[in-house]
Amino acid sequence: MAVSPEYMPENPIDFRAPPPSPIASGRRSSVTNDGVLTEFLEHSLRVPDLILPGNFFPKQKIVETPPRIDFQSLNSKERNSVLKTLDSIARIGCFQLVNFEIPSEFIKLVSVMAAGIFQLPSEKKAAVMKSPEKPYGFEEVRGDQEAENELSEEFVWSKDESLKLDMEGIWPTGYSTFSEKMETLSSDLGNLAAKILQFLQENCPRKSKHPNDMMQRQDLIGSVCCLYKHRRDIPADRLASSLGYDVFSMLIRGTDYSHALCLHICDGSSQFHVYSKKGWVSFCPDKDALIVTVGDQTQAWSGGQYKQVLGRPVFKGEDEDNISMAFLYSPPKTIICCSKTTKEKTLSLGQQAILAIILTLVYHLSVYFYKKL
C-alpha cells in the first residue's frame, strides 16, 4: 500500500537572515577598515628574529694529570705533598692517591666477584631495583633509547641488612661471600677517607659559617659503594653521543647520596672525567691509583673553598667488560662533632645562678666569722 506524502503548508516559515546594518556616512568604508586592520596585524603579529643560545653541552677541557700523591708522605704532612693536594683539590676537585696500604690483589678479587652481580638475569635484577624507599640495588634504565645510550650498569651496595636479604634471595650461592669481602674493603676505604678528610679539615683556610650544614646533609644510610659494569667495545661513532648523554644524566641527577669524599677504583680505565659547574675535565689516570673527589659535605664544611665534583671513568676499546667502584664516604656524627672548631666555654644561666648563691653564702660566712673574731 502506497504511503501518501506528508502534507506541507502552503506558506512555510521564512528563516532569512536580517539585513546588514548600514555604515554611518561619517565613517570609512569596510574595505578601508580591512586594510588598516591587516596592516596592524602584520606589524603586531610579526614573529621576532630569535637567536638561539649556543650548544649547552659542556666543553671538554684536557688538563695535565692531577698530582700523584703518596699517602705515606701525606699522612706524615710532608710540605710538598700537602701543597700539591690542596692546590689540586681547589682547582679541579680531585687528586690521585697511591701507596694507600690496601693490597691491589684484594681490590681485583672484589672486582672479579662484583662482576657476578651483573650476570644475574634481568627478571632477578628487577626484584632489587633502587627506589625512594630502598636507596640501594640496581639502577633502573627507562626506555630502549636510554639503554642504548648508557655506558654502564650500576649497582649500589651498602651494609643495610635488607639489601643482604634481598640479594641472597636472588643470588644465594655467591652474595654472602661477596658481601663479606665488600665489607672488609669498605672498612679499609672508610678508614682511609677519614684520614684524608681530617687532613683537609686541618688545612682548610676557610670554615663554614654554619658548622651544622655538614651534619644536616649527611646521608641517613651512611657510606655506600656504587659498582659499575662498563660496556665493552662501544663503536667510536656512538661513544661521543653516549658520553654526552652520560654528562647530562649526571649533571641533572647529580648524586643520589650526600657524601664528604668519593674514592674511585678504576684500574685500567682509558680516561677519567670530572664534571662540575665549571666544566668538564678529562685526564688519563695512573695505574693502581685511587681517584679522590670532593663531595657536597666537604663543600659545605669548607665554606665553598673545595667545590663538589662528579667523577666517572671511561673504558675504550676493551675486549671484555670492566668493573669500577665509587666509594661514597660520609663520616659518622661523632667525627663531625669532634672536627668542629673549638668554641669558648660559656656558663649557662642556671650555672651562673648557682655560682651567685655560693658566692653570697661565702660572703656571709666570711662576715660572720670576722665579727666573731
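**View 1. Strand β7, a fully buried strand.** All five residues of strand β7 (residues 261–265) are buried, so the strand is largely enclosed by the rest of the structure. Buried here means under 20% relative accessible area, exposed means over 50%, and partly exposed is in between, with a 1.4 Å probe and protein chains only. Strands (E, at least two residues) and helices (H or I, at least four) are DSSP runs, numbered from the N terminus. What you're looking at is a predicted model, in which local features need pLDDT of at least 70 and side-chain atom pairs count only at pLDDT 80 or more, while totals for chains, interfaces and linings use all residues. Residues are numbered from 1 along each chain as its sequence is written, and side-chain values use heavy atoms, with hydrogens and water left out. Both faces of β7 are covered: L261, L263 and I265 sit on one side, C262 and H264 on the other, and all are buried.

**View 2. The neighbours of β7.** Two strands count as paired if DSSP finds at least two bridges between them. β7 is joined to β10 by five bridges, running antiparallel, and β7 also pairs with β12 in the antiparallel sense over five bridges. I265 is a handy residue to follow here: its bridge partner in β10 is L290, and its bridge partner in β12 is M325.

**View 3. The whole sheet.** Strands of a sheet pair through backbone hydrogen bonds, either parallel or antiparallel. This one is an open sheet of eight strands with mixed pairing, in the order β2-β3-β10-β7-β12-β6-β5-β4. β2 (68–70) and β4 (137–138) stand at the edges with a single partner strand each, so one side of each has no neighbour in the sheet. At the β2 end, three bridges join β2 to strand β3 (residues 94–98), and these two run parallel. I69 has L97 as its bridge partner in β3.

**View 4. Strand β6 and its two partners.** Seven of the seven residues of strand β6 (residues 224–230) are buried, so this strand too is largely enclosed by the rest of the structure. V224, C226, Y228 and H230 point one way, C225, L227 and K229 point the other way, and all are buried. Strand β5 (residues 152–157) pairs with β6 in the antiparallel sense over six bridges, with V156 matched to C226. β6 also pairs with strand β12 (residues 322–329), antiparallel over seven bridges, and there C225 stands opposite F327.

**View 5. Cysteines, but no disulfides.** Take a disulfide as a pair of cysteine sulfur atoms within 2.5 Å, and the count comes to zero. The sulfur of C225 has its closest cysteine sulfur in C226, 6.8 Å away, which is too far for a bond. C225 is buried, with a relative accessible area of 1%, whereas C284 counts as partly exposed at 47%.

**View 6. The largest pocket.** The largest pocket has a volume of about 580 Å³ and is lined by 23 residues, with K108, S111, D267, N322 and I323 nearest its centre. On a 1 Å grid over the protein atoms alone, a pocket is an open set of points where a 1.4 Å probe fits, with protein on both sides within 12 Å along at least five of seven lines, and lining residues have an atom within 4 Å of a point. Grid points are joined across faces, edges and corners, and the volume is the space filled by probe spheres set on the points. α4 (104–118) and β12 each supply at least two lining residues, and α4 gives the most, with six. The lining has 11 nonpolar, five polar and seven charged residues; Ala, Val, Leu, Ile, Met, Phe, Trp, Tyr, Cys and Pro count as nonpolar, Asp, Glu, Lys and Arg as charged, and the others, Gly among them, as polar.

**View 7. Two loop residues with positive phi.** E101 has a positive phi of about 70° although it is not a glycine. Look for E101 in the loop between β3 and α4, where it is exposed, with a relative accessible area of 60%. D288 isn't a glycine either, yet has a positive phi of about 60°. D288 lies in the loop between β9 (280–283) and β10 (290–294) and is partly exposed, at 33% relative accessible area.

**View 8. The annotated transmembrane region.** UniProt, in an unreviewed entry, lists residues 349–370 as "transmembrane region". UniProt positions are given in the numbering used here, feature names are shortened, and annotations may be inferred rather than shown by experiment. In the model, residues 349–370 are 100% helix and 0% strand, and the end C-alpha atoms lie 32 Å apart.
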